[in-house]
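Here is a walk through a structure that may be new to you. Take a look at it first, and then we'll go over it piece by piece.

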Amino acid sequence: MLSRVAESIYWMSRQVERAENHARFLEVTLHMILDQPENMVDPWEPLVRVTGDNEWYEEHYATIDAHSVVTFLAFDLNYHSSMLTCLRAARENAKSVRESLSTEVFEELNDFYHFVNDSTAAQLTDPTAEFFDQVRKHALMWTGIIDSTMTHDLRWHFLNVGRLLERADKTSRILDVKYFNLLPRLEDVGTVVDELQWSELLAAISGFEAYRREHQVISVKKVIEFFLFHPEFPRSIRSCVAGADWSLRQIEKTSCTHTLRDAPKQVAALRHRLAHTSVKEVIAGGMHEFIDMIQVELNAASASLHQDYFNSPVNA
Amino acid sequence: MSFQSQSSAPISQSATVDAMGNPLPALSGYDSGNFFDELVSSDNVARVDASMLVHLINQMGVAELGRRQTAIERALYRMGITFTVYGDNQGTEKIMPFDVVPRIVSANLWQRIDAGLQQRIRALNRFLDDIYNERNIIRDGVIPADLIDSATAYLPQCKGLKPPNGVWCHITGTDLVRDNSGNVFVLEDNLRCPSGVSYVLQNRHVMKRNFPEVFGASRVRPVADYPARLYSMLKAVAPSGITDPMVALLTPGVFNSAYYEHSFLAQQMGIELVEGRDLTVENEKVYMRTTAGLQQVHVIYRRVDDTFIDPEVFNPDSLLGVAGLMKAYQAGNVTLANAPGTGVADDKVIYAFVPNMIKYYLGEEMILPNVSTYLCSRDEDREYVLNHLDELVVKAAAESGGYGILIGPHASEKERGEFADNIRKNPRNWIAQPTLQLSRVPTIVDGQMEGRHVDLRPYILCSSPDDVWVLPGGLTRVALRKGSLVVNSSQGGGSKDTWVAADDGQPTAST
């Protein structure tokens, strides 16, 4: 397939996944503040930190409150990763490779974008968890349409790599920030509030029920293990990286060169590491450090994709 | 949703119901004026092959038609066939205006249009092959050499080219009009990169979904096989010896106004949509850059204008083309459709000679007449034109898309003065034609049926002199402004589905 098309598909997929994750963060937070006694924990500040763009935020916003953070994460067209910016960019990318997508995939993304764009004014005045739930449903619908209307060929594999690298990154960020935010308040451990917070954390990755089915009781270690290492849950970091690894190997099969390229090597190494690390080791070495390492390696793999497939100097 | 409907006022109920509140027939009180109406005669009787449609329109009523029009507009919006409103950063988007009342062409009339267009394309391809090679038509005194050599779109770089099967113009979109008496004329041959066929296919798609009962009852010829026909044609003109060619569509990119069409056609044909930067030329062969290395391309359906396709030969600043493409083409390693240089034959001065070409190359009388044309380079024609500017339509010879046009009867004194100056300055660049009272079709305007002027652009595919195919249908463009004769979408035009009635034994859209 054309290098340009592969690149656009990869980014389109990442952008929609990013938009979906921002909707998840906001939905869970809007839901959580309803159950939380006032002045317990500021739920909004971690959402800014989750993006890694706190500096940009401080330059553009005076305070951290519900209105500012919803604006920032969902609708700010000046912010390069807001939900609306991502969807707009994803749709532009989709337009530029429309011939490579199924009609249904394009039309759902088009609907999705219009739905969010047209809801902007109302949600800025009165943001609701219901709206962000709808956004998540659009994203799930889009994902389902992709998987069931497109041939799982090269195009699909680049799409899959995009969504899984982005998802792994976002899962790691939400765990990182919440962990940082939740742990210092040791007096809350074992209380109702604590249980609620960890449950919401799981809900943000649609993992609450899956977790309960396996562990019934909330335990910090088990939750961390679920986020990082669950071998089968589709939003755990390990299973995202495993999926990306698999797609990259399918992509490599079509290659005419015999040496393995950088991105597949890096992702395979990360997969191996995730499969052979225990929660105990993570906590002993510092969870933030571990998550940081994951994010650095995911970024390196993404950079290698450009080198390997999108801009490579190729010969006939 | 910020969905934009084209109707500026709500569908009015009052004018369309009787005293008992029952809907009146949609065409009751319809006034075709002093124009030729495509659907009904002056006393509102359905024309040949249109009675089923007129019956259904009357039964349905204007309000119901309007409701379905809104549904169709919403579908087009959902399909993303939109353009962004210029200067609007809220992301407001609009669809191309669409009118729900189809334009119908009788089986009998279509037979003549089909034969006439085939004849015309054969002659035009012979002409192009001739003037870039032997130039017999000039030697035999049919067309003066200076008119050809002075045409802006004549490309000396194409001299001596011999495209496969002698075909230069593979895809044509000829503009036809009908006058006050219903006579069909060829208004323009568009031989470069004619656009609009995606609207033909999508208009039909949404009409079938919203008017299933009409298609069930009418005998409308299908248009859906256009992409398959286009693909076979492109395959058939591959360089000799290539049995399984790689075909690609070359687009200027996502900011081009016809980009939607490029991606739609590529998707429907299942071929790669490439931009100039995706291609590279090595050893006079064209390759595309893929994730698995370079892959050779044999046929390029190019939607980039002639002078932008190769910066080494034409416009050196072009970023849209591919350096070395013309060398690969001259070496016979790639076929370009259409061939570069075809624009000379749709120059509006050369257009005037098409009837002579048909006689010269084919020994036939033309089936579809030209609109009579005054060439301002001829002294007596120019004098006539300058003295009758208030009656004539004046056109720049090398322009298209509704640009460089003066519609004399609708123009101001000042505009006519400016055109007169331009004509005197550069007579070769101007032609004039009588102002035709274009035919009309009933159109929903503010909840009422009103006549609006239309033209028709059928599409013709040609892989060899023996294989010319005319899509049974075409793009009916409608001037939505009252009284306007300008149908171009850049100037307030919309479109309609075009129904060619099937003869006995011909397949229909409902089968």
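Between which helix and which strand of chain B is B:N333 found?

## A loop residue to start with

B:N333 sits in the loop between helix 10 (325–330) and strand 13 (335–337) of chain B. Keep in mind that what you see is a predicted model.

What does B:N333 touch, leaving out residues up to four places away in sequence? The list is B:P239, B:N283, B:E284, B:K285, B:Q296, B:V297, B:H298 and B:A328. There is also B:S240 to look at: 93 residues separate B:N333 and B:S240 along the chain, yet their C-alpha atoms are 8.7 Å apart.

## Chain A at a glance

Let's step back and look at whole chains. Chain A has 15 helices and zero strands. Its radius of gyration is 20 Å, close to the 20 Å that the globule rule gives for 316 residues, so chain A is as compact as a globular protein of that length. Measured out along the principal axes, its C-alpha trace spans about 65 × 45 × 40 Å.

Of the 316 residues in chain A, 59% are buried. If you take the contacts in chain A with a separation of 6 or more, 66% of them come from residues 24 or more positions apart. The accessible surface of chain A is about 13,000 Å², and carbon and sulfur atoms hold 54% of that. As for charges, chain A carries 31 positive and 46 negative side chains, with the centres of the two sets 7 Å apart.

## Chain B at a glance

Chain B brings strands into the picture: it has 14 helices and 23 strands. Why does its radius of gyration agree with a compact globule? For 511 residues such a globule would have a radius of gyration near 24 Å, and chain B has 23 Å, so the two agree. The box filled by the C-alpha atoms of chain B is roughly 80 × 60 × 55 Å along the principal axes.

Buried residues make up 57% of the 511 in chain B. Among its contacts between residues at least 6 apart in sequence, 69% join residues at least 24 apart. The accessible surface of chain B is about 20,400 Å², with 48% belonging to carbon and sulfur atoms. Chain B has 47 positive and 59 negative side chains, and the centres of these two sets lie 2 Å apart.

## A four-stranded sheet in chain B

Now zoom in on one sheet. In which order do the four strands of this open sheet in chain B come? The order is 14-17-15-16, and the pairing is antiparallel. Strand 14 (374–375) and strand 16 (405–407) of chain B are the edge strands, each pairing on one side only. Strands of a sheet pair through backbone hydrogen bonds, either parallel or antiparallel.

Strand 15 (residues 392–396) of chain B pairs with strand 17 (residues 430–434) of chain B over five bridges, in the antiparallel sense. Here B:L392 has B:P434 as its bridge partner, and B:K395 stands opposite B:I431. Strand 15 of chain B also pairs with strand 16 of chain B, again antiparallel, over three bridges. In that pairing, B:V394 stands opposite B:L406.

## Which way the side chains point

Are the residues of strand 15 of chain B mostly covered or uncovered? Mostly covered: five of its five residues are buried. In a regular strand the side chains alternate between the two faces of the sheet. In strand 15 of chain B, B:L392, B:V394 and B:A396 point one way, while B:V393 and B:K395 point the other way, and all are buried.

## A hairpin in chain B

One more spot to find is strand 20 (residues 459–464) of chain B, where six of six residues are buried. Strand 20 of chain B forms a hairpin with strand 21 of chain B, with two residues between them. These two strands pair in the antiparallel sense over four bridges, strand 21 covering residues 467–470. In this hairpin, B:S464 has B:D467 as its bridge partner.

Strand 20 of chain B has another antiparallel pairing, with strand 4 (residues 171–173) of chain B, over three bridges. There, B:T172 stands opposite B:I460.

Methods:
Residues are numbered from 1 along each chain as its sequence is written. Chains are lettered from A and ligands numbered from 1 in the order in which they are written. This is a predicted model: local features need pLDDT of at least 70, side-chain atom pairs count only at pLDDT 80 or more; totals for chains, interfaces and linings use all residues. Side-chain values use heavy atoms; hydrogens and water are left out. The radius of gyration is taken over C-alpha atoms; the globule rule is 2.2 Å times the number of residues to the power 0.38. Buried means under 20% relative accessible area, exposed over 50%, partly exposed in between (1.4 Å probe, protein chains only). Contact means heavy atoms within 4.5 Å. Accessible areas come from the Shrake-Rupley method with a 1.4 Å probe; for residues, only the protein chains shown count as cover. Lys and Arg count as positive and Asp and Glu as negative; His and the chain ends are not counted. The place of a charge is taken as NZ of Lys, CZ of Arg, CG of Asp or CD of Glu. Two strands pair if DSSP finds at least two bridges between them.
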